[in-house]
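Welcome! Take a moment to look over the sequence and turn the structure around on your screen before reading on.

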Amino acid sequence: MAAQRKTPIAPKPATKKKSSSKPRLISSRLAYKGKVFSVFTEKVKEPGGSINVRDVIRHNGSVVILAVDESKNPNDPDIIFERQYRHAAGRFLLELPAGRVEPKEATLTAAKRELMEETGYRAKRWTLLTKYFASPGFLGEWMQIYLARDIREGHAAPEPDENIEVFRLPLSEALALVAANKIHDGKTLIGLMLYDAALRNGGL
(Lines give C-alpha, C1' and ligand atoms only; values in the text may rest on other atoms or scores of the structure.)
Protein backbone atom coordinates (compact mmCIF):
# COMPACT_ATOMS: atom_id res chain seq x y z
CA MET A 1 0.00 0.00 0.00
CA ALA A 2 1.46 3.29 -1.09
CA ALA A 3 2.14 5.77 1.64
CA GLN A 4 -0.24 8.70 1.67
CA ARG A 5 1.31 11.99 0.76
CA LYS A 6 0.66 14.79 3.20
CA THR A 7 -0.33 18.13 1.79
CA PRO A 8 2.37 20.56 2.79
CA ILE A 9 1.18 23.27 5.14
CA ALA A 10 1.98 26.75 3.94
CA PRO A 11 4.07 28.66 6.44
CA LYS A 12 2.25 31.43 8.23
CA PRO A 13 3.38 34.88 7.21
CA ALA A 14 5.56 36.50 9.78
CA THR A 15 3.72 39.18 11.71
CA LYS A 16 5.55 42.21 12.93
CA LYS A 17 5.00 43.00 16.56
CA LYS A 18 3.93 46.53 17.25
CA SER A 19 6.55 48.38 19.20
CA SER A 20 4.98 49.69 22.39
CA SER A 21 8.00 51.76 23.33
CA LYS A 22 8.99 55.11 21.93
CA PRO A 23 12.08 57.27 22.20
CA ARG A 24 12.59 59.01 25.54
CA LEU A 25 13.23 62.73 25.52
CA ILE A 26 16.44 63.53 27.38
CA SER A 27 16.75 67.26 26.71
CA SER A 28 15.19 70.00 24.61
CA ARG A 29 16.79 73.34 23.77
CA LEU A 30 15.16 76.24 21.91
CA ALA A 31 17.46 76.95 18.95
CA TYR A 32 15.32 79.49 17.13
CA LYS A 33 12.04 81.28 17.81
CA GLY A 34 10.23 82.89 14.88
CA LYS A 35 6.86 84.47 14.22
CA VAL A 36 5.31 81.29 12.81
CA PHE A 37 7.34 78.44 14.30
CA SER A 38 10.13 77.52 16.70
CA VAL A 39 13.04 75.14 16.22
CA PHE A 40 14.15 72.88 19.07
CA THR A 41 17.29 70.76 19.25
CA GLU A 42 16.28 67.63 21.16
CA LYS A 43 18.28 64.69 22.46
CA VAL A 44 16.35 61.41 22.54
CA LYS A 45 17.15 57.91 23.67
CA GLU A 46 15.84 55.33 21.20
CA PRO A 47 14.18 52.06 22.35
CA GLY A 48 17.33 50.17 21.31
CA GLY A 49 19.50 52.34 23.55
CA SER A 50 21.15 54.63 21.02
CA ILE A 51 21.05 58.37 21.61
CA ASN A 52 20.23 60.73 18.76
CA VAL A 53 20.00 64.49 18.38
CA ARG A 54 17.06 65.78 16.34
CA ASP A 55 16.12 69.26 15.17
CA VAL A 56 12.35 69.65 15.34
CA ILE A 57 10.17 72.46 14.06
CA ARG A 58 7.26 73.13 16.43
CA HIS A 59 4.13 74.75 15.03
CA ASN A 60 0.60 75.38 16.38
CA GLY A 61 -1.01 73.56 13.45
CA SER A 62 -2.94 74.72 10.41
CA VAL A 63 -6.37 74.50 8.84
CA VAL A 64 -7.15 73.98 5.16
CA ILE A 65 -10.50 74.85 3.62
CA LEU A 66 -11.99 73.09 0.61
CA ALA A 67 -14.85 75.49 -0.12
CA VAL A 68 -17.30 74.24 -2.75
CA ASP A 69 -20.24 75.78 -4.58
CA GLU A 70 -22.68 73.01 -5.55
CA SER A 71 -25.52 75.34 -6.60
CA LYS A 72 -24.91 75.15 -10.37
CA ASN A 73 -23.70 71.56 -10.79
CA PRO A 74 -23.64 69.26 -7.75
CA ASN A 75 -21.80 66.61 -9.79
CA ASP A 76 -19.03 69.01 -10.77
CA PRO A 77 -19.05 71.78 -8.18
CA ASP A 78 -16.85 74.86 -8.24
CA ILE A 79 -13.87 74.87 -5.87
CA ILE A 80 -12.44 78.09 -4.38
CA PHE A 81 -8.72 78.37 -5.15
CA GLU A 82 -5.92 80.80 -4.47
CA ARG A 83 -2.86 81.61 -6.53
CA GLN A 84 0.04 83.14 -4.66
CA TYR A 85 3.82 83.32 -4.77
CA ARG A 86 5.53 81.08 -2.21
CA HIS A 87 9.03 82.31 -1.40
CA ALA A 88 10.24 78.98 0.01
CA ALA A 89 9.12 77.14 -3.14
CA GLY A 90 10.34 79.91 -5.42
CA ARG A 91 7.18 79.84 -7.55
CA PHE A 92 3.51 80.65 -7.79
CA LEU A 93 1.30 77.83 -6.49
CA LEU A 94 -2.36 76.96 -6.87
CA GLU A 95 -3.72 76.19 -3.41
CA LEU A 96 -6.77 75.75 -1.26
CA PRO A 97 -7.21 78.53 1.33
CA ALA A 98 -5.31 77.75 4.54
CA GLY A 99 -3.73 79.31 7.59
CA ARG A 100 -2.32 78.59 10.99
CA VAL A 101 -4.31 78.07 14.16
CA GLU A 102 -3.68 80.68 16.81
CA PRO A 103 -2.81 79.54 20.37
CA LYS A 104 -5.92 78.19 22.18
CA GLU A 105 -8.06 78.79 19.07
CA ALA A 106 -10.54 76.07 18.04
CA THR A 107 -9.73 74.63 14.62
CA LEU A 108 -13.21 75.24 13.17
CA THR A 109 -13.07 78.85 14.34
CA ALA A 110 -9.69 79.18 12.65
CA ALA A 111 -11.03 77.66 9.43
CA LYS A 112 -13.95 80.09 9.29
CA ARG A 113 -11.63 83.02 10.01
CA GLU A 114 -9.06 82.04 7.38
CA LEU A 115 -11.68 81.47 4.67
CA MET A 116 -13.23 84.87 5.33
CA GLU A 117 -9.93 86.76 5.62
CA GLU A 118 -8.28 85.26 2.54
CA THR A 119 -11.22 84.90 0.15
CA GLY A 120 -14.19 86.81 1.59
CA TYR A 121 -16.33 83.67 1.44
CA ARG A 122 -18.40 82.33 4.32
CA ALA A 123 -20.02 78.90 4.58
CA LYS A 124 -23.04 77.50 6.43
CA ARG A 125 -22.02 73.81 6.53
CA TRP A 126 -18.65 72.53 7.72
CA THR A 127 -17.30 68.97 7.74
CA LEU A 128 -13.89 67.75 8.88
CA LEU A 129 -12.34 65.66 6.11
CA THR A 130 -9.03 64.63 7.70
CA LYS A 131 -6.11 65.53 9.90
CA TYR A 132 -2.57 64.72 8.81
CA PHE A 133 1.07 65.61 9.43
CA ALA A 134 2.74 67.48 6.59
CA SER A 135 6.29 66.17 7.08
CA PRO A 136 6.60 64.30 10.40
CA GLY A 137 10.30 63.50 10.03
CA PHE A 138 11.23 66.94 11.35
CA LEU A 139 8.07 69.08 11.32
CA GLY A 140 5.52 68.92 14.13
CA GLU A 141 2.89 70.82 12.16
CA TRP A 142 -0.43 69.05 11.60
CA MET A 143 -3.13 70.13 9.18
CA GLN A 144 -6.90 69.68 9.36
CA ILE A 145 -8.83 69.88 6.10
CA TYR A 146 -12.41 71.13 6.33
CA LEU A 147 -15.08 70.88 3.65
CA ALA A 148 -17.09 74.13 3.52
CA ARG A 149 -20.47 74.09 1.75
CA ASP A 150 -23.36 76.50 1.12
CA ILE A 151 -20.90 79.32 0.54
CA ARG A 152 -21.65 82.97 -0.04
CA GLU A 153 -19.39 85.78 -1.18
CA GLY A 154 -18.12 88.65 0.94
CA HIS A 155 -15.12 90.94 1.25
CA ALA A 156 -11.64 89.53 1.84
CA ALA A 157 -9.23 91.04 4.39
CA PRO A 158 -5.84 89.40 3.75
CA GLU A 159 -2.73 90.08 5.82
CA PRO A 160 -0.42 92.86 4.55
CA ASP A 161 2.11 90.28 3.30
CA GLU A 162 -0.51 88.20 1.48
CA ASN A 163 -0.91 88.89 -2.24
CA ILE A 164 -3.61 86.40 -3.16
CA GLU A 165 -5.56 85.89 -6.37
CA VAL A 166 -8.88 84.16 -5.61
CA PHE A 167 -10.69 82.24 -8.34
CA ARG A 168 -13.02 79.29 -8.98
CA LEU A 169 -12.47 76.07 -10.87
CA PRO A 170 -14.88 73.19 -11.48
CA LEU A 171 -13.73 70.02 -9.73
CA SER A 172 -13.19 68.31 -13.11
CA GLU A 173 -10.80 71.06 -14.24
CA ALA A 174 -8.93 70.96 -10.94
CA LEU A 175 -8.48 67.20 -11.25
CA ALA A 176 -7.26 67.67 -14.82
CA LEU A 177 -4.60 70.07 -13.50
CA VAL A 178 -3.58 67.45 -10.94
CA ALA A 179 -3.27 64.83 -13.69
CA ALA A 180 -1.21 67.26 -15.77
CA ASN A 181 1.19 67.82 -12.83
CA LYS A 182 0.25 71.48 -12.53
CA ILE A 183 -0.82 71.48 -8.87
CA HIS A 184 2.15 70.94 -6.57
CA ASP A 185 0.79 71.89 -3.16
CA GLY A 186 0.41 68.87 -0.86
CA LYS A 187 -2.60 70.01 1.17
CA THR A 188 -4.46 70.84 -2.04
CA LEU A 189 -3.71 67.45 -3.60
CA ILE A 190 -4.90 65.62 -0.48
CA GLY A 191 -8.07 67.70 -0.15
CA LEU A 192 -9.06 67.28 -3.80
CA MET A 193 -8.43 63.53 -3.81
CA LEU A 194 -10.42 62.97 -0.62
CA TYR A 195 -13.33 65.11 -1.81
CA ASP A 196 -13.45 63.50 -5.26
CA ALA A 197 -13.39 59.98 -3.76
CA ALA A 198 -16.15 60.82 -1.27
CA LEU A 199 -18.26 62.42 -3.98
CA ARG A 200 -17.93 59.40 -6.28
CA ASN A 201 -18.69 56.95 -3.46
CA GLY A 202 -21.72 58.87 -2.23
CA GLY A 203 -20.07 59.65 1.08
CA LEU A 204 -21.11 63.31 1.18
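What follows is a short tour of a few helices, loops and single residues. Please keep in mind that this is a predicted model. We begin with helix α1, move on to the pair α2 and α3, and then visit some individual residues.

**Helix α1**

- Helix α1 covers residues 107-119, which makes 13 residues.
- How far apart are the end C-alpha atoms of α1? They are 18 Å apart, and this agrees with the expected span of 18 Å, because a helix is counted at 1.5 Å a residue and the span is 1.5 Å times one less than the number of residues.
- Several residues of α1 are buried, namely T107, A110, A111, R113, E114, L115, E117, E118 and T119.
- What do these buried residues pack against? Their partners are the strands β4 (62-69), β5 (78-86), β7 (98-100), β8 (122-133), β9 (142-152) and β10 (165-170).
- Just after α1 comes G120, which has a positive phi of about 90 degrees.

**Helices α2 and α3**

- Two packed helices are described by the angle between their axes and the distance between the axes.
- Here, helix α2 spans residues 171-179 and helix α3 spans residues 186-200. Their axes come within 11 Å and cross at roughly 130 degrees.
- That angle makes α2 oblique to α3, because 130 degrees is neither over 145, which would count as roughly antiparallel, nor in the range of 65 to 115, which would count as roughly perpendicular.
- Is the crossing of α2 and α3 left-handed or right-handed? The crossing is left-handed.
- On the α2 side, the contact is made by L171, A174, L175 and V178. On the α3 side, L189, L192, M193, Y195, D196 and L199 take part.
- The residues of this contact divide into 9 nonpolar, no polar and 1 charged.

**D196, a residue of the α2 and α3 contact**

- D196 sits in helix α3.
- Is D196 buried or exposed? D196 is buried, because its relative accessibility is 14% and the cut-off for buried is under 20%.
- Setting aside residues up to four places away in sequence, D196 touches L171 and L175.

**Where α1 meets a loop: E117 and A156**

- E117 is part of helix α1, and A156 belongs to the loop between β9 and β10.
- Beyond its neighbours within four places in sequence, E117 is in contact with A156, A157, P158 and E159.
- Looking from the loop, A156 touches M116, E117, E118, T119 and G120, again without residues up to four places away in sequence.
- A156 counts as partly exposed, because its relative accessibility is 42%.
- E117 and P97 are 20 residues apart along the chain, and their C-alpha atoms are separated by 9.7 Å.
- A156 and I51 are 105 residues apart along the chain, with 49 Å between their C-alpha atoms.

**I151 in strand β9**

- I151 lies in strand β9 and counts as buried, because its relative accessibility is 15%.
- Which residues does I151 touch, not counting residues up to four places away in sequence? They are A67, V68, D69, I80, Y121, R122, A123 and R168.
- I151 and F133 are 18 residues apart in sequence, while their C-alpha atoms are 27 Å apart in space.

**Residues in the loops and after α3**

- K104 is not a glycine, although it has a positive phi of about 65 degrees. You can find K104 in the loop between β7 and α1.
- K104 is exposed, because its relative accessibility is 91% and the cut-off for exposed is over 50%.
- N181 also has a positive phi, of about 60 degrees, and is not a glycine. Its place is in the loop between α2 and α3.
- N181 counts as exposed at 54% relative accessibility.
- G203 is located in the segment after α3. G203 is exposed as well, with a relative accessible area of 59%.
- How far apart in space are G203 and R29? They are 45 Å apart, C-alpha to C-alpha, and 174 residues apart in sequence.

Technical notes: Residues numbered from 1 in each chain as written. Predicted model: local features only at pLDDT ≥ 70, side-chain atom pairs only at ≥ 80, totals over all residues. Heavy atoms only, no water. Axes fitted to C-alpha atoms, helices over the stretch in contact; angles between N-to-C directions. Helix = DSSP H or I, 4+ residues; strand = E, 2+ residues; numbered from the N terminus. Parallel < 35°, antiparallel > 145°, perpendicular 65-115°, else oblique. Left-handed = near helix turned anticlockwise from the far one by under 90°. Contact = heavy atoms within 4.5 Å. Nonpolar A, V, L, I, M, F, W, Y, C, P; charged D, E, K, R; others polar. Buried < 20%, exposed > 50% of the residue type's maximum accessible area, 1.4 Å probe, protein only.
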